[in-house]
2 protein chains.
Amino acid sequence: MLKRPSILVLGAGYGGLMTIVNLQKVLGTDAADITLINKNEYHYESTWLHEAAAGTMLPEEVRYDIQEVIDSVKTRFVQATVEEIDVVGKRVLTDNGEYTYDYLVIGLGFEGETFGIEGLDKYALSIANVKAARYIREHIEYQFATWSTEPIKDDSRLTIVVGGAGFTGIEFLGELANRVPELCKEFDVPREKVRVICVEAAPMVLPGFDPELVNYAVGHLEAKGIEFSIGTPVVEATPEGVKIKKADDQFEFIKAGTVVWAAGVRGSSVLEASQIESMRARVKVEKDLRAPGFPDVFIVGDCALMINEETNRPYPPTAQIAMQQGETIAKNINALIKGEDTATFVPDLKGTVCSLGEDDAIGVVFGKKVTGKRASFMKKMIDNRALFMVGGAKLVMKKGKFNVI
Amino acid sequence: MLKRPSILVLGAGYGGLMTIVNLQKVLGTDAADITLINKNEYHYESTWLHEAAAGTMLPEEVRYDIQEVIDSVKTRFVQATVEEIDVVGKRVLTDNGEYTYDYLVIGLGFEGETFGIEGLDKYALSIANVKAARYIREHIEYQFATWSTEPIKDDSRLTIVVGGAGFTGIEFLGELANRVPELCKEFDVPREKVRVICVEAAPMVLPGFDPELVNYAVGHLEAKGIEFSIGTPVVEATPEGVKIKKADDQFEFIKAGTVVWAAGVRGSSVLEASQIESMRARVKVEKDLRAPGFPDVFIVGDCALMINEETNRPYPPTAQIAMQQGETIAKNINALIKGEDTATFVPDLKGTVCSLGEDDAIGVVFGKKVTGKRASFMKKMIDNRALFMVGGAKLVMKKGKFNVI
């Protein structure tokens, strides 16, 4: 009797979970042993973290128990932190034991990238996971509460610097634009005392987006009191704030009680330390999503680097693509088990919507530009669709976004 | 034509507001000019502050706009901080101008009393007002959020020392007992990591309460994980925690991320600096609630000291007594305007209930001991009754406590 192949999935993000859900679907009963390893007992919506960080959503709302969406008969779940991946020895070391595999799926997500800028790793906060997002919310509230009680007011407590005007930075600014008036009311702080400043090194906001949409976004945020400092790289972070470069030999120090760095992501450092070749901790995958040189290893989500041949640029690390990859990987593992050919992954880009807060957004959906409430509605439907694909209607009912206009 | 007398009421606490509400009732139309001066545009329920500090109620829930409950035709409201009271010159200096009066009512509330213990004023938090309570809530949450994200855990962040086992201390502990499990869930902190320790200098808990009720309260709180250190005075507070005296020459240092001092109150320091004689910033009032030697000045609430002749001890500074005093003061001012005799204030003690959290309490109501849900229900009805007396049914509907079993 042949031993059943063992499949090991690392990470329960969008990619890992979609791999599991689809493996459960495509594999015959008892066709394989499936194990899912994840650091936490919960999955979190990494595309919603900026809302938890701003305080417009509760941390509880952005996560759900993994056990709720996997089939515990078909998949064994292990809560453990992955410490080392040995793709030559075909084993994975965790803080909760060692695991071997016949097929490995690596979906360990992203980490913040500080580009070696002095002090950033120490003094800037990063929207990296649920705990970090929750910390940012509490940090900002604490600054407001402290200002409200201190006898000699330090107004710089109420200054929030957001590093980065990319997708995450802009979505976070959108939430802050809604949250700041609430915070002012809650903590008896005059609105004019609060500054929110977006600092971006590149000469533009939201690179890759249609200029008309970008103008809409910037106008919307500026109208809500957000300041922009574009083309001015952060050169240093200190406990008091950030130093930015305004021109050659011209610098400015922005004193700020809160600095959030949202300007770059990279893949997983555990993956980077493995024998697989990577760039900024991401692996340039084969067409069937396998790691070059390791035909039993698949990479999914933010750890996978794929070039869009039309634009000759990498696809952005989105939940949409990660989930589609998970579907393909499940099919390809099934094919390998059966001795069939693997399929090429073809992303099906339905569009991208960047939220600007509660009821506004910009984006391109099925090739058409959308703005305002319509875009915001679509954003919520995209979020709900992702829930549906992982956990069906039940999960949408439980975690879906229905505060639509 | 005779000039209308002017009545100046300082402070919109229970006593001040009840004075205003009753003045509006008893005085004939245009019989006097009434001015109310208060630091904030809102009144807050000082007997609910421990709930805002623990985080079991929102700060918004414990306060309401003064304009909602006063008659703006009859009473002029001025938002200002009282800086000096000159009862000889009959004028009051504020940060928003000078005010004169024919009749003055001083209801400036309480301040924390640290008895000169080293470091307490600097490193311990006090449940003194809405902002301070809100700060305590945020401070505790921030400790939990920080513990949850820091790589090397400092468990003392999760230790909360409550100084004082009197009424406020015990009510605050009751709320913490409910709140701590919620915080653990919200911030992914194991319950056993959290310590809540009540430190009391006196050899007993809740002095003046029936011993059977005190045993009930301590047993209830201990069952929820609250620790008690009784008969052990705090001798020093530092940024790291408190030093307590366990016996002669025997000290212990409790490392704690949060120290809340709930062990003593005194009257108003502005009143203390005036020409009126006071003890711990409270004025031993005449039988008709006037200040000795100043027949046009009344004292109400926590600033008034009254001896209970039955027990030969001062009446406790409660909302119940403050509100009854406000009623008497309004009648007595009306009597003075009309040239009639003032009435003696006779407190009507309906009972005292000490909350032990959401659905438990102990107390004596109309001479009968009550505990548990029944006592908790009565506590909520007492709170609602106070709202009713100030703002009628409308305010009860808006701010009342109806989460009864």
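**Exercise 1. A charged pair between the chains**

Which side chain of chain A meets that of B:Glu186 in a salt bridge, and what is the N to O distance? Place this pair within the wider set of polar links between chain B and chain A in this predicted model.

*Solution.* Begin with the principle that side chains of opposite charge can pair when their charged atoms come close. The cut-off for a salt bridge is a nitrogen of Lys or Arg within 4 Å of a carboxyl oxygen of Asp or Glu. The partner of B:Glu186 is A:Arg137, with N to O at 3.0 Å, and 6 salt bridges are counted between chain B and chain A. Polar contacts across this interface, with both residues at pLDDT 80 or more, amount to 16 residue pairs.

**Exercise 2. The side of chain B that touches chain A**

Describe the extent of the contact between the two chains, and then state which elements of chain B supply it and what classes of residue they bring.

*Solution.* Start with the residue counts: 20 residues of chain B are in contact with 20 residues of chain A. The area buried between the two chains is about 1900 Å², and carbon and sulfur atoms give 49% of that area. Within chain B, the residues that lose the most area to chain A are B:Tyr135, B:Glu138 and B:Tyr142, which together account for 31% of what that side buries.

Next, turn to the elements. Across the interface whose polar contacts comprise 16 residue pairs, the elements of chain B that give two or more residues to the side touching chain A are α4 (130–149) and α5 (167–187). The largest share, 13 residues, comes from α4(B). Sorted by class, this side of chain B has 10 charged, 6 nonpolar and 4 polar residues.

**Exercise 3. Domains and links within chain A**

Compare the recorded domain feature of chain A with its domain assignment, and then examine two places where residues separated in sequence are brought together.

*Solution.* The unreviewed UniProt entry places a feature named "domain: FAD/NAD(P)-binding" at residues 6–326 of chain A; this span is 28% helix and 31% strand, and its end C-alpha atoms lie 17 Å apart. The domain assignment instead gives domain 1 (6–39 + 80–112 + 266–349) and domain 2 (120–259), with C-alpha centres 35 Å apart.

For the first link, A:Asp102 and A:Lys3 form a salt bridge in which the closest N and O atoms are 3.7 Å apart. Because A:Asp102 lies in the loop between β8 (97–100) and β9 (103–106) and A:Lys3 in the segment before β1 (6–10), the pair ties together parts that are 99 residues apart in sequence.

For the second, A:Leu336 lies in helix α8 (residues 319–338) and touches residues including A:Tyr103, A:Pro295 and A:Phe298. The C-alpha atoms of A:Leu336 and A:Pro295 are separated by 9.7 Å, although these residues are 41 residues apart along the chain.

Definitions and conventions. Residues are numbered from 1 along each chain as its sequence is written. Chains are lettered from A and ligands numbered from 1 in the order in which they are written. This is a predicted model: local features need pLDDT of at least 70, side-chain atom pairs count only at pLDDT 80 or more; totals for chains, interfaces and linings use all residues. Side-chain values use heavy atoms; hydrogens and water are left out. UniProt positions are given in the numbering used here, feature names are shortened, and annotations may be inferred rather than shown by experiment. Helices (H or I, at least four residues) and strands (E, at least two) are DSSP runs, numbered from the N terminus. Contact means heavy atoms within 4.5 Å. Buried area is the accessible area (1.4 Å probe) that two parts lose on being put together, summed over both. A polar contact is a pair of N or O atoms within 3.5 Å; within protein, one must be able to donate a hydrogen and the other to accept it, and residues adjacent in sequence count only if both atoms are side-chain atoms. Ala, Val, Leu, Ile, Met, Phe, Trp, Tyr, Cys and Pro count as nonpolar, Asp, Glu, Lys and Arg as charged, and the others, Gly among them, as polar. Domain bounds come from an automatic or database domain assignment. Lists of a residue's contacts leave out its neighbours within four places in sequence.
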